[in-house]
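Got a few minutes for some fold-reading practice? Have a look at the chain below, then work through the exercises.

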Amino acid sequence: MTYTGEVKVGGPADVHELADLMISKVAVGSMNNNAYLLRCRATDEQLLIDAAAEAGTLLSLIGDDGIASVVTTHRHGDHWGALAEVVAATGATTYAGALDAEGIPVKTDVLVADGDTVRVGRVELTARHLVGHTPGSIALVYDDPHGHAHVFTGDCLFPGGVGNTSGDAEAFASLIDDVQHKLFDQLSDETWVYPGHGNDTTLGAERPHLAEWRERGW
């Protein structure tokens, strides 16, 4: 089956099969959050991005192999609603941005800064600190050696714009600057974007609109 990234709450996961990594996307909760299960194909180690809601759904997706780690992209409650239950069931090591960890009511084992590496088996993900939606939001970039990059953006980049900054002009300027400099300026148009809600996109699909986003201010 061809991966589309189109999922709905209560529906099945969609699986993106890469050479070294399998990415399973599922939608959970009343805010239609996306959670992503990453599995290293060489070692079968697994990592979950955003234990957002519906712990039972997430644990079923994880399966009997468990997870080694769970990364929370930012401190907003709809992205960690099932974190305590998932960690209790799996013993996973928790990761979050250093400036958002205090807002997550589950202990963060590893504080993540810009440029840090997060591993799942033999696969390396690079954290990018993006300021504006929250002070400590992080995106995770997988630079696939067999193809283009893949980036998990949390609520910092979606189809059609950057994340919500609640009308704060300074926060918006910070977020769009970080997204442009750390994602668009560093990665190719083919880069696949996995956001915290809704459908996927690519940097190439969004790049022509950066100036438009700046002008509208959101």
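Here come three short exercises with worked solutions, all on a predicted model.

**Exercise 1.** Work out the strand order of the open sheet of 7 strands, and say which strands stand at the edges.

*Solution.* Start with the order: the sheet reads 1-2-3-4-5-6-7, and its pairing is mixed. Next, look for strands with a single partner: these are strand 1 (14-17) and strand 7 (110-112), so each has one side left without a neighbour in the sheet. As for the twist, neighbouring strands are turned by 20° against each other on average, ignoring direction.

**Exercise 2.** Describe how strand 2 pairs with strand 3, then find what packs on the sheet.

*Solution.* Strand 2 (residues 21-28) and strand 3 (residues 33-40) run antiparallel, joined by 8 bridges. To fix the register, take Val26, which sits opposite Ala35 in strand 3. Now add the helices. Helix 1 (residues 55-62) lies across strands 2, 3 and 4 (46-49), at about 160° to strand 2. Helix 2 (residues 83-90) touches strand 4, strand 5 (69-72) and strand 6 (93-97), and its direction makes about 165° with that of strand 5.

**Exercise 3.** Why does the radius of gyration of the protein chain agree with a compact globule?

*Solution.* A compact globule of 218 residues would come out near 17 Å, and the chain has 16 Å, so the two agree. Then check burial: 53% of the 218 residues count as buried, meaning under 20% relative accessible area. Finally, the surface: the chain exposes about 9,400 Å², with carbon and sulfur atoms supplying 48% of it.

Notes. Residues are numbered from 1 along each chain as its sequence is written. This is a predicted model: local features need pLDDT of at least 70, side-chain atom pairs count only at pLDDT 80 or more; totals for chains, interfaces and linings use all residues. Side-chain values use heavy atoms; hydrogens and water are left out. Two strands pair if DSSP finds at least two bridges between them. Helices (H or I, at least four residues) and strands (E, at least two) are DSSP runs, numbered from the N terminus. Axes are lines fitted to C-alpha atoms, for helices over the stretch in contact, and angles run from 0 to 180 degrees between N-to-C directions. Contact means heavy atoms within 4.5 Å. The radius of gyration is taken over C-alpha atoms; the globule rule is 2.2 Å times the number of residues to the power 0.38. Buried means under 20% relative accessible area, exposed over 50%, partly exposed in between (1.4 Å probe, protein chains only). Accessible areas come from the Shrake-Rupley method with a 1.4 Å probe; for residues, only the protein chains shown count as cover.
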